[in-house]
Amino acid sequence: MVEISNPLIPANDTARLQVLASYQLLDTRSEKVLDDVVAATARLFGVSNAMLSIVEKDTVLVKAPYNLPVPIERVPREQSVCSATILQDDTAVFEDLARATIPGVDVSLLLQLGLSFYAGHNLRTPEGYNLGSLCVYDGPPRQFSPTERALLAILAGLVMRLLELRRALGAHADTTAVLWEPVYRAIGGQLARLTELAQRTTPPGEPPGITESVVAEVKAIAAVVEQFVAATLKRV
């Protein structure tokens with residue numbers, strides 16, 4: 001019997017899933033630091049929806065959802081564009097899902113939800129494994145500029161560093177919640193700065209005003225968070 005290959009399964013998927021397990025991400029509890037970054041991301045790009053996707057063996061976990069049309073915790077891997085995003089290292093952009101061809105992915109659920117635009121950038125571990133993506137969705141088709149791609153990559157890198165910290169400290173709940181109090185105090189100002197930048201850059205109802213200077217400011221915010229995360233990881 002000939003085994004049929006799945007175009008959504010990378011060659012390193014077994015090792016990738018082992019690394020994913022070490023991050024202990026496979027629950028759907030709300031975690032403020034992740035929610036704040038995803039919400040600011042959606043506002044910066046002026047999109048209706050955003051989330052972190054975590055690609056499991058057979059399903060994709062929706063984590064830190066922002067304004068999704070319906071409450072969704074998991075979708076089959078073959079119904080998630082993020083399953084295809086983890087196969088590449090560059091930002092994945094589908095400006096009109098109704099016209100897109102994504103091998104192995106059925107986009108009918110997204111279209112039924114009225115979502116035609118997708119952009120996602122991988123959550124890539126230091127070892128080089130793509131665990132999922134930071135992704136944004138919108139109703140109408142739209143263009144996504146190189147500057148916007150660069151910005152999404154920076155924000156995905158910021159999320160990944162927070163996930164590294166989360167792996168060391170544990171989830172933001174139960175007995176580990178106390179460990180996150182100094183984290184929120186330390187980086188809360190930077191996350192507030194990111195939110196304020198989003199509100200200033202893209203007022204409600206206006207097209208995104210993402211420029212090179214905005215990218216530079218987000219990069220500076222990410223650098224401050226990176227310094228804190230690096231220092232904290234050395235101590236734990």
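This is a short tour of one annotated domain, one strand with its neighbours, and one pocket in a predicted model.

**Stop 1: the annotated stretch.** Select residues 31–160. The unreviewed UniProt entry annotates this range as "domain: GAF". Colour the range by secondary structure: 29% is helix and 29% is strand. Now mark the C-alpha atoms at its two ends. They lie 14 Å apart.

**Stop 2: strand S1.** Select residues 49–55, which form S1. Is S1 mostly covered or mostly open? It is mostly covered, with seven of its seven residues buried. Show the side chains and look at each face in turn. Asn49, Met51, Ser53 and Val55 are on one side. Ala50, Leu52 and Ile54 are on the other. Both faces are covered.

**Stop 3: the partners of S1.** Add residues 130–138, strand S6. S1 and S6 run antiparallel, joined by six bridges. To find the register, pick Ser53 and look across to Ser133 in S6.

Next add residues 59–66, strand S2. This pairing with S1 is also antiparallel, and it has five bridges. Here Val55 faces Val60 as its opposite residue in S2. Follow the chain from S1 into S2: a hairpin of three residues makes the link.

**Stop 4: the largest pocket.** Select Ala42, Arg43, Gly46, Val47, Tyr66, Gln199, Thr202, Pro203, Pro204, Gly205 and Glu206. These residues line the largest pocket, which holds about 170 Å³ of space. Colour the lining by class. Five residues are nonpolar, four are polar and two are charged. Tyr66 links back to the previous stop: this lining residue falls within the range of S2, residues 59–66.

Conventions:
Residues numbered from 1 in each chain as written. Predicted model: local features only at pLDDT ≥ 70, side-chain atom pairs only at ≥ 80, totals over all residues. Heavy atoms only, no water. 1 Å grid on protein atoms, 1.4 Å probe; cavity = no way out; pocket = protein on both sides within 12 Å on 5 of 7 lines; lining within 4 Å. Points joined across faces, edges and corners; volume = space filled by probe spheres on them. Nonpolar A, V, L, I, M, F, W, Y, C, P; charged D, E, K, R; others polar. UniProt positions renumbered as here; feature names shortened; annotations may be inferred. Helix = DSSP H or I, 4+ residues; strand = E, 2+ residues; numbered from the N terminus. Buried < 20%, exposed > 50% of the residue type's maximum accessible area, 1.4 Å probe, protein only. Pairing = 2+ DSSP bridges.
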